[in-house]
Amino acid sequence: MRTLIELGLRPALGGDLGGLLHWLNSHGLTNTAGVFDQPSDQALPGASIVDKGVALAQATSRNPVRPLKQDELKALRERFKGLSLEGISPEAMWAAVGNAEASVRTLAWDRSPADAMAFYRPFHFPPFDQWGIYLLVDPLLRYHRGLMQQSSGLRLFSPETLMHLVLFEVFNHEFFHHLVESTATTLEILLATQGIPQPLYLQHRAAQMRNSFGHPHAPLEEALANAYAYNALGFISRVKTGFKTASVKAYQKAVAKHWGKEPPGYRDAHFYAGAGYVDGGAALLGELLQKPGAMNDVPLAVVAKHVMPSGFSALLAKPDVPTWLVGSPAELALFNALVPAPNEAYTQLFWPYNTDKFDQFIEQKQAEVKAKKAALLATRAQGAAR
Ligand SMILES: [Zn+2]
């Protein structure tokens, strides 16, 4: 049998990322002016955190995060097996299982936008070996310290679990920026088939910076990125009730309660958390296509609901997006003590700590509630039979 190549049926342009980047570049869809790491880029609040003199492009200032192998994960679990998480009360966790909202009612967190602690460097800005998610370790640690102080009274988080939650949230916010760039890239490829390549992504960034579309939640991409991170936490807490679920729920409620303290766009995330995500996605698609009102004439909501921007539209999956920890060796050591497996932490909220003690407490409480209910039903049934 002849192969697709022999039959001339194999695409001359393949599906690999390297080929794509070359294609984008050779069709004028990238910004080669090299301005991306200048702190003056206002679309990048994270960049201003880094001193003017520090070029993020320097390979020495970033450390790639790679997924751990199975035996490495096993060794980690073994190492942390005996560590008891400080600052958490099983009773407080149990209360959060029942009503996470009430558990964080008294909390007053100083919220920082995710982009103050991390940023996404798009691949539409060569050089291509620089793209990815940059996690700024010092701002992350400082933010974490502040939250720890402000929430210690709740007894819901240990320093380790809170850092994992912050990291997961921040990474997922930045990952949404990758989804947007992936979506724009898909549209750029499809539009190019019609003969006129259009730099949709670069146009979108410029329009967003100028707030050209006058959207009340501009920059809409930031509102959606916050909502995406919130929803990603929701997926984690869908697994069986236990310590992790309770921590996630409490953290999620705390985050949503404090969005209002963030800059425009970011603070409007509540419109797009949960089901509103599709509506926001449709509006964003309209903006990407330079037709902000298009969702009223064309069923963009269908695309937003089923195709993009969603996890399916990502050109690289979460564990594979190049991700860099930016910080001094001392900062990285502090960070690693709290988060020994960063890739697993930000993609799946994995932590190596043994939380059996808390899980068992919650399980026991649940069994008690169930027994009480059963007893009540039995009493009622007896009463009805009499
Ligand atoms: Zn952002």
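Student: This is a predicted model, so what makes Tyr-230, Leu-233, Gly-234 and Ser-237 contacts of Gln-252?

Tutor: Contact needs heavy atoms within 4.5 Å. Once neighbours within four places in sequence are set aside, Tyr-230, Leu-233, Gly-234 and Ser-237 are the residues in contact with Gln-252. Gln-252 itself belongs to helix 9, which covers residues 243–258.

Student: And why is Gln-252 called buried?

Tutor: The relative accessible area of Gln-252 is 8%. Buried means under 20%, so Gln-252 counts as buried.

Student: What about Pro-263, why is that one called partly exposed?

Tutor: Pro-263 comes out at 31% relative accessibility. Buried would need under 20% and exposed over 50%, so Pro-263 lands in the partly exposed class. You'll find Pro-263 in the loop between helix 9 and helix 10 (276–288).

Student: How far is the C-alpha atom of Pro-263 from that of Glu-222? I ask since Glu-222 is a zinc donor.

Tutor: Those C-alpha atoms are 9.4 Å apart, with the two positions 41 residues apart along the chain.

Student: How do you know that Asp-115, His-173, His-177 and Glu-222 are donors of the zinc ion?

Tutor: For this metal, a donor is an N, O or S atom within 2.8 Å. The protein donors here lie 2.0 to 2.7 Å from the zinc ion: OD of Asp-115, listed twice, NE2 of His-173, NE2 of His-177 and OE of Glu-222. So they pass the cut-off. Their spacing in sequence reads D-x57-H-x3-H-x44-E.

Student: Why say that Asp-115 and His-177 tie parts of the chain together?

Tutor: Asp-115 sits in the loop between helix 4 (100–103) and strand 2 (118–121), while His-177 is in helix 6 (residues 159–192), so the pair links parts 62 residues apart in sequence. Both residues are buried, too.

Student: Let's zoom out. How many helices and strands does the protein chain have?

Tutor: The protein chain has 14 helices and four strands.

Student: And why is the chain called as compact as a globular protein of that length?

Tutor: Its radius of gyration is 23 Å, and the globule rule gives 21 Å for 386 residues; the two are close, so the description holds. The C-alpha trace spans about 80 × 55 × 55 Å along its principal axes.

Student: What share of the residues counts as buried?

Tutor: That's 49% of the 386 residues. And of the contacts between residues at least 6 apart in sequence, 78% join residues at least 24 apart.

How values were computed. Residues are numbered from 1 along each chain as its sequence is written. This is a predicted model: local features need pLDDT of at least 70, side-chain atom pairs count only at pLDDT 80 or more; totals for chains, interfaces and linings use all residues. Side-chain values use heavy atoms; hydrogens and water are left out. Helices (H or I, at least four residues) and strands (E, at least two) are DSSP runs, numbered from the N terminus. Buried means under 20% relative accessible area, exposed over 50%, partly exposed in between (1.4 Å probe, protein chains only). Donors are N, O and S atoms within 2.8 Å of the metal (3.2 Å for Na, K and Ca); water is not among the atoms, so sites may look incomplete. The radius of gyration is taken over C-alpha atoms; the globule rule is 2.2 Å times the number of residues to the power 0.38.
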